[in-house]
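Ready for some practice in reading a protein structure? Work through the exercises below one at a time, and try each task before you look at its solution.

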Amino acid sequence: MKKANSIIGIILVIALIFTGLSTKTAVAYGDENFNRKDIFAVDSLIEDVINWKKSNMGYEVTESLFQDEFLEMAGSTSGDWYAMALGRYGYEDNYGSYLGVIDDYIETEYKTDAKLDIYKATEWQRIGLAITAVGGNPKAFSNFEGSPIDLVSDGSYNRGLVQSPGRQGINGWIYGLIFMDSKRYEIPDTANDTREDFILELLKLQLADGGFALMGNKSDVDITAMTLQALAPYYNSEREFSYVSAKIKDEKGEFIPQVKTVREVVDESVLFLSSTQNETGTFASWGSENSESSSQVILALTALRIDPHNDQRFVKNDKSAIDGLLTFKQNDGGFTHSYSFDSENPNAVPSVSSSMASEQALCALISYDRFLSNQRTFYDMREDFTVEEIAQISAVEKSIERLNQNSTKLEIQQIVSTLEESNITDLSYVNNYWNLSAYAKKHHVKLLAEKEIYQGNQEELIENIVAFTDVNVKQVEALIDYENLTTENYVEVVHLMYLLENTNEFQKKNQYKTIVDKAYNHIQSIKSEIEYINMKITTELYPFSKLSLKDKAVCEEIFNRYENLSQVDKGEVTHIDDLIRAKTQLDNLTTAWIIGGGLSAISLVVIAIVVIRIRKRQKVKRSMEMEESQE
Amino acid sequence: MKKDLVAIAVVVFILVILLSGTKIQSVDDYYLTHIDEITDDSETIYISIDCKTVLDNWDKLDESLQNEKFIPAEGIVLEKSQYVLRPDDNAFDVLDRAIRHNEIQMEAVYSKGFGSNYVKGINHLYEFSCGELSGWMYKVNGEFPSYGASKYELQDGDYVEWVYSCDLGRDVGSEWGAQTA
């Protein structure tokens with residue numbers, strides 16, 4: 001998932017791959033023996049990962065994850081996926097503080113030319129999905145030039161006005177489509193790219209072996225799985241797409257034209273994934289078995305309503321895709337990236353959980369949990385199904401299940417009309433719809449019109465009212481002592497701002513707002529002071545060899561401003577050692593000038609005295625000579 | 001006469017001191033201001049920065065960067081240079097020092113998830129600036145380490161090369177990139 005975001009993924013993620021022989025360890029999941037048919041406690045697996053993350057951050061398991069250091073990662077890959085996962089799981093935590101920090105982050109970033117990023121649309125997509133999952137509205141979030149920002153538009157269907165979503169590669173299309181579909185947003189007619197455009201861009205990138213990749217002609221498990229997560233909502237659509245492949249050529253070297261439904265493409269990709277599964281149930285990416293590949297496959301299968309624990313295509317040697325993922329689970333509750341041994345790589349040491357492997361496993365397990373309870377998929381963030389809706393879907397599925405070779409046209413027609421009359425608007429949740437579709441074609445039964453799948457049917461957004469508690473009141477009152485505020489108070493202050501922005505009216509609200517705003521401005525001024533000092537250090541000190549007394553005033557100014565910062569804020573200044581070095585160099589230079597000047601002055605005085613003495617002697621000598629000559 | 005000679009001797013001595021450039025410093029100050037000075041017994045490393053691959057992928061390069069200011073002739077941003085190896089120096093520290101001392105622009109972000117700095121751009125050339133597979137990578141003694149630069153601790157004599165790839169590392173000789181080629 002991290003890969004979605006940048007070449008970081010490529011350099012730091014895929015790069016965590018070792019060609020050496022793997023020293024595979026036995027199944028790491030506790031002492032329990034897994035039986036594939038067992039219904040095991042997914043909930044406890046999920047809680048284990050969350051608790052691992054908390055301990056890893058240095059928090060107690062009873063504490064909130066959304067505090068201090070973790071909140072500083074809001075808006076970055078290290079923080080957003082955890083937030084998204086917790087939100088999708090419905091975990092109780094301090095989501096307001098997360099939204100508060102991200103709100104301020106976006107507002108600040110939007111003031112720059114590149115906004116959230118110059119090339120990466122996935123910055124909007126990941127942040128937007130995280131905001132949605134924790135209860136915010138990405139269609140109207142934060143502020144830019146006095147109006148709320150539409151992250152969905154800026155990061156998906158209108159991103160192309162600035163930079164193609166595909167500028168960073170296939171990920172921009174994948175997560176753009178996922179983002180647009182997270183609430184099945186309606187795409188305006190004026191959009192730069194429609195839903196179909198995003199789907200087509202993905203279909204065009206399919207490789208001859210059925211899957212997808214960042215580059216080259218061999219499919220990659222992770223990218224294939226991610227693409228399936230994006231295409232999943234269209235699996236039951238009968239629409240045929242005509243396009244020219246951007247990857248597959250005929251004998252003459254020409255790119256070949258294709259006519260395919262999403263279902264055909266997905267089926268080919270699923271087959272590819274199935275063929276790459278190992279005997280232990282795991283998957284490999286770039287030649288190395290790793291947990292993230294398993295996590296992405298599970299996210300893909302659950303999005304497609306394929307059981308990752310029982311579907312025969314994903315059980316090898318009696319080990320399912322779920323079993324495969326669990327081989328990476330550590331005793332501390334987290335997940336490790338890989339068991340390949342590399343003494344130098346701290347991320348890959350067996351029995352050491354990594355943040356990224358754990359966050360992806362968390363998303364996969366939550367997606368599996370949703371699958372088991374027939375709920376909406378991980379990325380389908382619309383209001384969850386009611387019990388009645390689930391029952392309705394299940395009834396239709398059962399009637400489809402009963403169809404067989406001897407089923408009559410009438411029977412098929414009946415199911416189609418039941419579906420049509422039902423409230424089921426999203427066919428992607430009818431698991432075996434493809435089966436009905438096949439029978440319908442055989443018996444020439446007209447299938448129902450696709451309901452709103454391509455134009456979207458966004459539900460009404462419920463306004464998000466948050467509570468302002470006594471604890472919050474105390475927090476506000478503690479801020480009045482402005483002079484003691486440091487950058488450490490930032491997270492708390494933006495959280496309070498967010499709460500005041502989204503809470504009901506109350507008597508002292510405006511008064512509190514004034515206090516919080518003042519505190520915010522004070523912290524912002526500290527931040528810009530730190531930024532100024534850092535900028536000055538970078539531009540004024542180097543190279544050291546060229547420092548001269550001319551630079552002394554600037555150097556002293558920076559140093560004094562640094563000295564005026566509080567102890568905490570001083571820690572935010574980078575390369576203070578270089579500033580001290582420059583200052584010492586200049587101080588020494590001054591001392592040298594003073595001593596040199598002093599010595600020169602002494603020399604002059606001595607020379608003068610000597611000269612005077614010589615003259616005096618000459619005078620005495622001359623007068624003596626004159627006296628002699630007179631005599 | 002004798003006194004004059006002594007006085008002249010003093011003056012000559014002072015002039016010798018001044019002209020020889022002898023600096024009057026405390027030991028600490030001397031150490032601080034000479035920390036990067038290479039002496040016979042200092043441990044050192046080498047570092048270079050290049051974006052040669054961009055020259056072969058000019059058409060993919062962001063138009064605003066198609067300028068000698070950003071892509072120097074031959075694609076060499078920093079020639080192979082020798083630096084003093086300070087205690088606990090890692091591959092990122094050395095880059096950070098080299099770009100500062102040579103007044104080269106750089107942007108890096110510290111990722112808590114990875115526990116490492118990630119170099120986004122050097123000399124205004126960023127990840128994705130030259131196509132969807134482009135970005136900065138580093139090698140040490142010709143090998144591509146599989147983890148973040150802040151985690152790679154350097155040893156005496158190491159050679160750190162920061163190279164810009166336009167093809168996920170394959171064009172700069174990364175083995176893992178070649179796996180799927």
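Which domains does the domain assignment of chain B give?

**Solution.** Keep in mind that this is a predicted model. The assignment splits off domain 1, residues 2-32, and domain 2, residues 41-174, in chain B. Next, look at where the two sit: their centres, taken over C-alpha atoms, are 45 Å apart.

**Exercise 2. Describe the overall form of chain B, starting from its radius of gyration.**

**Solution.** Step one: chain B has a radius of gyration of 23 Å, while a compact globule of 181 residues would have one near 16 Å. Step two: check the spans along the principal axes, which come to about 90 × 35 × 25 Å for the C-alpha trace. Step three: count the secondary structure, and you should find 5 helices and 7 strands. Read along the sequence, they follow the pattern α-α-β-α-β-α-β-β-β-β-β-α. Finally, buried residues make up 34% of the 181 residues.

**Exercise 3. Find the order of the strands in the open sheet of chain B, and say which strands stand at its edges.**

**Solution.** Begin with the order: the 4 strands run 2-1-7-6, with mixed pairing. Strand 2 (76-84) and strand 6 (135-140) each have a single partner strand, so one side of each has no neighbour in the sheet; these are the edges. From one strand to the next, the twist averages 15°. Now zoom in on strand 6, which pairs with strand 7 (residues 159-165) in the antiparallel sense over 6 bridges. As an example, Gly135(B) has Ser165(B) in strand 7 as its bridge partner. Last, look for the helix on the sheet: helix 4 (residues 91-101) of chain B packs there and touches strand 1 (44-50), strand 2, strand 6 and strand 7. The direction of helix 4 makes about 110° with that of strand 2.

**Exercise 4. Turn to chain A: how many helices and strands does chain A have?**

**Solution.** Chain A has 23 helices and 8 strands. Its radius of gyration is 34 Å, well over the 25 Å that the globule rule gives for 631 residues, so chain A is more spread out than a compact globule. The box filled by its C-alpha atoms is roughly 160 × 70 × 55 Å along the principal axes. Of the 631 residues, 44% are buried.

**Exercise 5. Decide whether strand 3 (residues 240-249) of chain A is largely buried or in the open.**

**Solution.** Count the buried residues: the number is 0 out of 10, so strand 3 lies largely in the open. Then find its partner, strand 4 (residues 255-261) of chain A, which pairs with strand 3 in the antiparallel sense over 6 bridges. Here Tyr243(A) stands opposite Gln258(A) in strand 4. The hairpin has 5 residues between the strands, and Gly253(A) takes a positive phi near 85° in it.

**Exercise 6. Work out how helix 19 (residues 490-502) and helix 20 (residues 509-540) of chain A pack together.**

**Solution.** First take the geometry: the angle is about 145° and the axes are 10 Å apart. Next comes the handedness, which is a left-handed crossing. Then list the contact residues: helix 19 contributes, among others, Tyr490(A), Val493(A) and Leu500(A), and those of helix 20 include Tyr512(A), Val516(A) and Ile523(A). A useful reminder: an α-helix has 3.6 residues a turn, so residues three or four places apart point the same way.

Terms used. Residues numbered from 1 in each chain as written. Chains lettered and ligands numbered in written order. Predicted model: local features only at pLDDT ≥ 70, side-chain atom pairs only at ≥ 80, totals over all residues. Helix = DSSP H or I, 4+ residues; strand = E, 2+ residues; numbered from the N terminus. Rg over C-alpha atoms; globule rule 2.2 N^0.38 Å. Buried ≥ 20, exposed ≤ 12 C-beta atoms within 10 Å, placed from the backbone. Pairing = 2+ DSSP bridges. Axes fitted to C-alpha atoms, helices over the stretch in contact; angles between N-to-C directions. Contact = placed C-beta atoms within 7 Å. Domains from an automatic or database assignment. Left-handed = near helix turned anticlockwise from the far one by under 90°.
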